[in-house]
Amino acid sequence: MSFQDLDRLSLKISQLNEQGLLRQRRMTESPCQPQVRVNGQTLLAFNSNDYLGLAAHPLVVAALREGATIHGAGSGASHLISGHSQVHDALEAVLGNMMAAHIPAAQALYFSSGYMANLGVLSALADLSKGDITFFSDALNHASLIDGIRLARAPCHVYAHSDLQHLTELLRDCGTGTKVVVSDGVFSMDGDIALAKELLRICEQQGAWLLIDDAHGFGVLGDTGAGLLQHVGMRSEQIIYMGTLGKAAGVAGAFVAAHALFMDWMVQRARPYIYTTAAPAALAHALLTSLQIMASDEGRQRRAHLTELIRAFSLLPMPQTWQKMHSTTAIQPLVVGSNAAVLKASADLQAHGIWVSAIRAPTVPDNTARLRFTLSAAHTLADLEQLKKALLALHMPC
Ligand SMILES: Cc1ncc(COP(=O)(O)O)c(C=O)c1O
């Protein structure tokens with residue numbers, strides 16, 4: 001690297017700082033729980049995606065420990081070489097069975113992360129119909145879907161957020177070839193739920209695939225936590241489903257589930273599955289326990305409690321200048337506006353013992369910087385009372 005490059009780096013970083021766009025990591029000193037130690041301070045956190053409170057659940061932690069004892073620390077190779085263990089296979093079988101009610105002949109593949117899963121599924125799709133595939137992507141889709149489509153090097157039409165009319169027109173104008181509609185299940189920065197049934201109806205009319213990224217729905221939505229497809233009661237072999245396992249499931253990784261033939265193709269072509277060391281088998285071992293909890297009565301109770309928290313959150317008094325977004329999920333964003341204002345709001349709340357992250361561009365559109373509150377079944381109603389006191393103490397007109 002030349003001196004010139006170093007100067008440019010220094011300039012770029014100070015520009016980000018001036019614009020209120022510099023991202024910084026805070027260091028936690030305790031497990032993922034509502035009460036966390038951060039940079040030496042104990043805070044009440046509203047910013048993890050641990051929606052069911054399983055990340056530090058004693059049974060899941062014990063299963064991880066047991067998994068390491070049985071399977072060792074690392075998998076040693078990629079899935080197609082020697083890293084695919086019995087327990088990875090068992091996890092994929094459980095996930096495939098969970099999805100079988102919604103996708104005929106469903107099978108699942110376990111990836112190291114949701115980001116990798118999305119890159120894998122989109123590039124495998126593009127490889128299936130080389131030069132003859134078009135993606136249709138919701139304007140608010142997650143970065144990993146956007147990056148996956150870029151990596152696929154295929155044409156993509158972006159439709160206005162949840163605008164079915166716009167999507168239908170784009171599909172109609174597109175001609176022949178493979179078509180894939182791509183949507184978050186629960187939108188990660190707004191918290192609203194995709195109009196999944198309507199999307200499927202349009203896909204069925206147009207002979208398109210529907211790829212649902214249910215990173216924030218899996219575990220949270222549906223009677224047994226099977227996610228958005230269960231929540232709305234959908235079933236079709238045109239669905240490709242991605243669910244993450246590091247959020248509500250509390251561990252790490254993600255899975256793609258689809259018709260067995262497509263999953264066979266994924267094993268041949270999903271480069272982020274093939275060309276990376278398999279996640280430690282101990283994680284798969286722990287996930288089997290967390291999936292059991294998720295589908296059990298305890299899982300139901302945790303989801304019911306989360307629903308109660310979401311309702312209590314909706315009743316909190318908010319400063320008039322902040323705009324509550326319409327969300328019925330555990331993601332409850334409050335749009336503050338400018339970068340400077342959201343950073344101040346986040347710092348003020350921190351001074352009152354609350355940790356909530358300030359989300360700015362490019363993650364969200366300019367001038368819609370927001371506090372993204374996330375709720376977890378590990379929170380209590382008393383935690384929301386503490387948040388209420390902090391909001392009232394900010395001396396903002398409520
Ligand atoms: C909608 C969505 N998809 C995919 C991902 C990526 O998942 P992972 O964190 O497992 O890489 C995220 C993560 O934040 C997400 O919000």
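**Entry 1: the second largest pocket**

I began with helix H5, which gives the most to the lining of the second largest pocket, with four residues. I note here that this is a predicted model. I then asked what volume the second largest pocket has. I got about 360 Å³. I listed the lining next and found 19 residues. The closest to the pocket centre are Ser 123, Ala 126, Asp 127, Leu 151 and Ala 152. I checked which elements give two or more residues to this lining. They are H5, helix H6 (143-152), helix H10 (260-269) and helix H11 (271-274). I sorted the lining by class as well. I count 10 nonpolar, three polar and six charged residues there.

**Entry 2: the ligand shell**

I moved to the ligand and asked how many residues surround it. The shell has 14 residues. Gly 114, Tyr 115, Asp 213, His 216 and Lys 247 are the closest. I looked up which element supplies the largest share of this shell. H5 does, with three residues. So H5 turns up in my notes on the ligand shell and on the second largest pocket. I find two elements that each supply at least two shell residues: H5 (114-128) and strand E8 (239-244). By class, the shell splits into eight polar, three nonpolar and three charged residues.

**Entry 3: polar atoms at the ligand**

I looked at oxygen atoms of the ligand and their distances to protein atoms. For Gly 114, a polar backbone atom is 2.7 Å from a ligand oxygen. For Tyr 115, I again find a backbone N or O atom, at 3.0 Å from an oxygen of the ligand. For His 216, the side chain takes part: one of its N or O atoms is 2.6 Å from a ligand oxygen. I then asked how much of the ligand's accessible area the protein covers. On its own the ligand has 390 Å², and the protein covers 81% of this.

**Entry 4: the three-stranded sheet**

I traced an open sheet of three strands and wrote down the order E1-E2-E12. The pairing is mixed. Strand E1 (35-38) and strand E12 (354-355) are the edge strands, and each pairs on one side only. I took the E1 and E2 pair next. E1 and E2 run antiparallel and are joined by four bridges. Val 36 stands opposite Leu 43 of E2. E1 and E2 form a hairpin, and two residues lie between them. I checked the turn and noted Asn 39, with a positive phi of about 45°. On to E12: strand E2 (residues 41-45) and E12 run parallel, with two bridges joining them. I looked up the bridge partner of Leu 44 in E12 and found Ile 354.

**Entry 5: the four-stranded sheet**

I traced another open sheet, of four strands, in the order E10-E11-E14-E13. The pairing here is antiparallel. Why is one side of E10 and of E13 left without a neighbour in the sheet? Strand E10 (323-324) and strand E13 (357-359) stand at the edges, and each has a single partner strand, so one side of each has no neighbour in the sheet. I then counted the bridges between strand E11 (residues 331-337) and strand E14 (residues 369-374). There are six, in the antiparallel sense. I picked Ile 331 for a closer look. Its bridge partner in E14 is Thr 374.

Methods. Residues numbered from 1 in each chain as written. Predicted model: local features only at pLDDT ≥ 70, side-chain atom pairs only at ≥ 80, totals over all residues. Heavy atoms only, no water. Pairing = 2+ DSSP bridges. Near = heavy atom within 4 Å. Polar contact = N/O pair within 3.5 Å; in protein donor to acceptor, adjacent residues only side chain to side chain. Areas by Shrake-Rupley, 256 points an atom, 1.4 Å probe, with all protein chains shown as cover. Nonpolar A, V, L, I, M, F, W, Y, C, P; charged D, E, K, R; others polar. 1 Å grid on protein atoms, 1.4 Å probe; cavity = no way out; pocket = protein on both sides within 12 Å on 5 of 7 lines; lining within 4 Å. Points joined across faces, edges and corners; volume = space filled by probe spheres on them.
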